[in-house]
Amino acid sequence: MATHVIPSNQFVAQTELLRALEAPDFVTTDGIYHHSDCVDDMEKALEDVVMNQKQEKIKRSDFVGLIIDETVNITVNKKLIVYLKLEMEGKVETCFLGNYDVDCGTARCIYDRLVAVLREIDVELSRFIGLGSDGASVMMGRHGGVGALLKQVNPFSIQVHCVAHRAALAALDAEKSVDNITSYKNTISSVYSFYKHSATRTNRLRQLTAELHDEDMVSLKQPCAVRWLSLHRAVKAMKHNWPAVVMELTEEALRGNAKAQGLLGQIQSYSFIAMTHALSDLLPVMTKLNLVFQKDDVNLSSIRPVVQASVAAFTQFRDAPGPEEETFLAGYEDGKYMDIKVTNASDRSIQAFRKVRERFVQHLIDALQDRFPEDCLDLLHCFDTLLNPRRYPPTQNGKKELFFVPLIEDKGLLCPIIL
């Protein structure tokens with residue numbers, strides 16, 4: 001059915017036909033095909049159909065761009081995930097090509113596999129105009145990176161460091177610069193694991209949350225390095241569930257659970273609670289920045305303002321507490337917060353936290369400015385002036401039109417002009 005593009009609603013009729021013909025492998029009476037080869041046959045048929053459709057699109061496209069990244073499967077084998085960015089009649093479309101095995105993670109190995117994949121689908125390297133990647137040296141190294149090797153074949157191709165990766169790496173740079181943030185993430189991960197592996201504890205936590213907030217528990221989350229927004233979600237869940245988590249861990253500790261005793265000591269400390277609220281102010285700024293960059297149709301004119309606004313917000317949070325941290329400071333009284341005793345709350349500990357927060361925010365500012373230098377933001381603004389149709393003057397018929405003319409003859413390099 002997949003091979004011949006037969007609609008799925010014809011499945012019943014197909015099975016009735018097989019039953020009437022007494023097909024030897026069709027042994028069931030419930031209309032389900034159970035032969036051992038069925039999964040392989042279906043996957044192969046679907047792959048053939050999808051690949052044929054992709055090849056038709058590739059043939060119709062004027063230019064081809066590549067987006068690649070390294071991955072691993074459950075057996076920790078090196079894989080190369082490949083997307084094609086196609087330009088057809090002035091419109092850009094991204095399609096998933098495949099996830100391919102590679103022998104190793106060197107630039108030469110990745111390049112050879114990439115070239116082999118492109119040859120299999122009859123894509124000539126002369127049509128290749130750009131490479132998008134996560135910015136790793138193996139991809140973007142000036143002399144031996146994958147982009148440099150592709151540039152040897154097509155000198156006019158360009159390399160693009162994924163802007164969403166840049167924002168994520170800026171946050172990661174700041175985290176690595178402050179050990180306290182790493183310790184905080186480890187504590188959240190430990191609390192998550194403590195409840196993940198016990199349905200009984202999770203149910204008690206859910207009941208306590210309902211009693212305290214009169215609403216459902218927000219599921220605890222685990223920060224993950226490869227999921228850019230995971231830390232924000234983990235902090236949000238911890239802030240919401242913190243009183244219930246403290247109470248449940250207290251019950252576990254009274255029963256002699258050493259793990260619960262250790263976790264309780266960590267999450268009841270002043271620095272942990274204050275950091276939870278401080279990150280609740282800081283992380284939404286980085287999340288918004290990431291989400292802007294992950295849009296399908298990012299407006300070039302928005303990049304500089306949103307980066308500058310993020311830096312301005314972080315500068316304000318560096319110099320003074322944000323709304324969430326102010327809420328904690330207002331509720332912290334007589335060594336308690338939300339009627340729960342706060343530990344390690346000496347003046348020295350409070351001053352130490354403030355220095356850590358200030359240092360972390362400053363590293364965030366520095367990392368953003370390093371990953372998004374002002375000259376690059378100015379260049380993006382110039383590109384927006386040149387390529388944004390909304391900025392073009394109208395023609396006599398009231399329409400704004402953009403045409404591309406050859407800039408270097410026979411080299412495929414085009415220059416946009418307004419007519």
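**Salt bridges, cysteines, cores and a cavity in a predicted model**

Arginine 108 and aspartate 112 are both found in helix 3 (residues 107–120), where they stand 4 residues apart, about one turn of the helix. In this model, which is predicted, the side chains of arginine 108 and aspartate 112 meet in a salt bridge, with a distance of 3.8 Å from N to O. Arginine 108 counts as partly exposed, at 44% relative accessibility, and aspartate 112 is likewise partly exposed, with a relative accessible area of 41%.

A search of the whole structure finds 12 salt bridges. Another of these contacts is formed by the side chains of lysine 239 and glutamate 324, which meet at 3.5 Å, N to O. Because lysine 239 lies in helix 9 and glutamate 324 in helix 13 (residues 323–331), this pair ties together parts that are 85 residues apart in sequence. Lysine 239 is partly exposed, at 29% relative accessibility, and glutamate 324 is also partly exposed, with a relative accessible area of 27%. A further salt bridge joins the side chains of aspartate 319 and arginine 318, at 3.0 Å from N to O; here aspartate 319 counts as exposed, at 56% relative accessibility, whereas arginine 318, at 21%, counts as partly exposed. Salt bridges also link Arg201, Arg204, Glu248, Glu251, Glu252 and Arg255 in a network.

The cysteines were examined next. A disulfide is a covalent bond between the sulfur atoms of two cysteines. The count of disulfides in the model comes to 0. The cysteine sulfur closest to that of cysteine 104 belongs to cysteine 109, and the two sulfurs are 3.7 Å apart, which is too far for a bond, since a disulfide requires the sulfur atoms to be within 2.5 Å. Seen from the other side, cysteine 109 is in no disulfide, and its nearest cysteine sulfur is that of cysteine 104. Cysteine 104 counts as partly exposed, at 31% relative accessibility, whereas cysteine 109 is buried, with a relative accessible area of 14%.

Attention then turns to the interior. The largest nonpolar core holds 65 residues, of which Trp242, Leu249, Phe293 and Phe314 touch the most other members. At least two residues of this core come from each of helix 6 (163–177), helix 7 (179–196), helix 8 (199–213), helix 9 (230–254), helix 10 (258–267), helix 11, helix 12 (300–319) and helix 14. Helix 11 gives the most to this core, with 14 residues. Apart from the largest core lies another core, of 30 residues, among them Ile121, Met139, Val146 and Leu149.

Empty space within the model was considered last. Rolling a probe the size of a water molecule over the atoms shows where empty space is left. The count comes to 1 cavity of 30 Å³ or more, and the volume of the largest cavity is about 30 Å³. The largest cavity is lined by Ala278, Asp281, Leu282, Phe317, Ala320, Pro321, Gly322, Glu325, Arg357 and Val361. Two or more residues of this lining are given by each of helix 11 (270–293) and helix 14 (347–371), and helix 11 gives the most, with 3 residues. By class, the lining of the largest cavity consists of 6 nonpolar, 1 polar and 3 charged residues. Helix 11 thus appears in two of these descriptions, giving the most to the largest nonpolar core and the most to the lining of the largest cavity.

Technical notes
Residues are numbered from 1 along each chain as its sequence is written. This is a predicted model: local features need pLDDT of at least 70, side-chain atom pairs count only at pLDDT 80 or more; totals for chains, interfaces and linings use all residues. Side-chain values use heavy atoms; hydrogens and water are left out. On a 1 Å grid over the protein atoms alone, a cavity is a set of points where a 1.4 Å probe fits but cannot get out, and a pocket is an open set with protein on both sides within 12 Å along at least five of seven lines; lining residues have an atom within 4 Å of a point. Grid points are joined across faces, edges and corners, and a volume is the space filled by probe spheres set on the points. Ala, Val, Leu, Ile, Met, Phe, Trp, Tyr, Cys and Pro count as nonpolar, Asp, Glu, Lys and Arg as charged, and the others, Gly among them, as polar. A nonpolar core is a set of buried Ala, Val, Leu, Ile, Met, Phe, Trp, Tyr and Cys residues joined through side-chain atoms within 4.5 Å. Buried means under 20% relative accessible area, exposed over 50%, partly exposed in between (1.4 Å probe, protein chains only). A salt bridge is a side-chain nitrogen of Lys or Arg within 4 Å of a carboxyl oxygen of Asp or Glu.
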